[in-house]
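Reader: Hi! I would love a close look at the ligand site of this model, and then at a few spots elsewhere in the chain. Could you walk me through it with the cut-offs spelled out?

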Amino acid sequence: MGLRPPLRVAVMVSGRGSNLRALHEKAPEQGYVIIGVVSNNPTAPAVDYARDQGLAVRIVDHRQFATRDAFEVALAAELDDLAPDVIALAGFLRVLGTDFVGRYRGRLLNIHPSLLPAFPGLDTHRRALASGARFHGATVHLVTDAVDGGPIIAQTGLTVNPGESPAALAARVLTLEHALYPYVLGGFARGETSDR
Ligand code: GRF
């Protein structure tokens, strides 16, 4: 078996950055390298973390662009300069348009805090509890035009505890996310995922 160079991963963030941290910490064991972090939010805690870790950070602040198209052209320019094999959305809070998604088809991933196709969109934990769902979890999927609707690559689940609060459920799902996302990128790095 020949040696593969590590998979080059760019991570796109907007907020807290706990998935970014998990992806970064588990990169060596999974055979990928984070070559840059792109954020639309210059003050995101995820950006602070990336800078502290010495990761390359590219800020593309959506508020500085007149249109979504112009914002996404600038995002793509930064990404193309980083030259990633795979782009991982990790709490990136802007919906991406057709041209952007099409440009990175098959190598643009997202993690979503539900067992898709159940509960696309926001506020998933509260909605899962309100629906009486017995099982809940997280999904890594390819990004397409359909928000939270692209092909599913992997899922991880848990049993909802009786009387559990949305916050408690969110915390347990987040722990699962932190294991799942690096594992999926490891699969890409090992060539196990056919879309690469
Ligand atoms: C996670 O729950 C992820 O599934 C969703 O947004 C949240 C991001 O959290 N897409 P963090 O910024 O990675 O802590």
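Author: Happy to; here is the ligand site, followed by some backbone and side-chain details.

A word on the ground rules before we start. This is a predicted model, in which local features need pLDDT of at least 70, side-chain atom pairs count only at pLDDT 80 or more, and totals for chains, interfaces and linings use all residues. Residues are numbered from 1 along each chain as its sequence is written, and side-chain values use heavy atoms, with hydrogens and water left out.

Let us begin with the ligand. The residues around the ligand are R16, G17, S18, N19, G91, I111, H112, P113 and E177; a residue is near a molecule if one of its heavy atoms lies within 4 Å of it. By class, this shell holds two nonpolar, five polar and two charged residues. In that count, Ala, Val, Leu, Ile, Met, Phe, Trp, Tyr, Cys and Pro are nonpolar, Asp, Glu, Lys and Arg are charged, and the others, Gly among them, are polar.

Oxygen atoms of the ligand take part in several short approaches. A polar side-chain atom of S18 lies 2.5 Å from a ligand oxygen. The backbone contributes too: a backbone N or O atom of G17 is 2.8 Å from an oxygen atom of the ligand, and a polar backbone atom of N19 is 2.8 Å from a ligand oxygen. A polar contact here is a pair of N or O atoms within 3.5 Å; within protein, one must be able to donate a hydrogen and the other to accept it, and residues adjacent in sequence count only if both atoms are side-chain atoms. Taken alone the ligand exposes 370 Å², and the protein buries 85% of that. Those areas come from the Shrake-Rupley method with a 1.4 Å probe; for residues, only the protein chains shown count as cover.

The space taken by the ligand is the largest pocket. On a 1 Å grid over the protein atoms alone, a pocket is an open set of points with protein on both sides within 12 Å along at least five of seven lines, whereas a cavity is a set where a 1.4 Å probe fits but cannot get out; lining residues have an atom within 4 Å of a point. A molecule sits in a pocket or cavity if more than half of its atoms lie within 2 Å of its grid points. The elements that give two or more residues to the shell around the ligand are α1 (18–25) and β5 (108–112). Helices (H or I, at least four residues) and strands (E, at least two) are DSSP runs, numbered from the N terminus.

S18 also has a protein partner: its side chain and that of H178 are joined by a polar contact of 2.9 Å. H178 belongs to helix α7 (residues 166–189) and, at 19% relative accessibility, counts as buried. Buried means under 20% relative accessible area, exposed over 50%, and partly exposed in between (1.4 Å probe, protein chains only). G17 has a link to another part of the chain: its C-alpha atom is separated by 7.9 Å from that of A44, 27 residues apart along the chain. A44 lies in the loop between β2 (32–39) and α3 (45–52) and is buried, with a relative accessible area of 0%. In strand β2 we find S39, whose side chain reaches the backbone oxygen of N41 at 2.9 Å. S39 is buried as well, at 0% relative accessible area.

Next, the backbone geometry. Most residues other than glycine have a negative phi, and most peptide bonds are trans. A83 has a positive phi of about 55 degrees although it is not a glycine; A83 sits in the loop between α4 (68–82) and β4 (86–89) and is partly exposed at 40%. D148 has a positive phi of about 60 degrees, again without being a glycine. D148 is in the loop between β6 (135–142) and β7 (152–159), and at 16% relative accessibility it counts as buried. A cis peptide bond joins L116 and P117, with omega about 15 degrees, and P117 is placed in the loop between β5 and α6 (124–131).

Helix α6 also holds R126, which counts as partly exposed at 42% relative accessibility. The side chain of R126 makes a polar contact of 2.7 Å with the side chain of D123.
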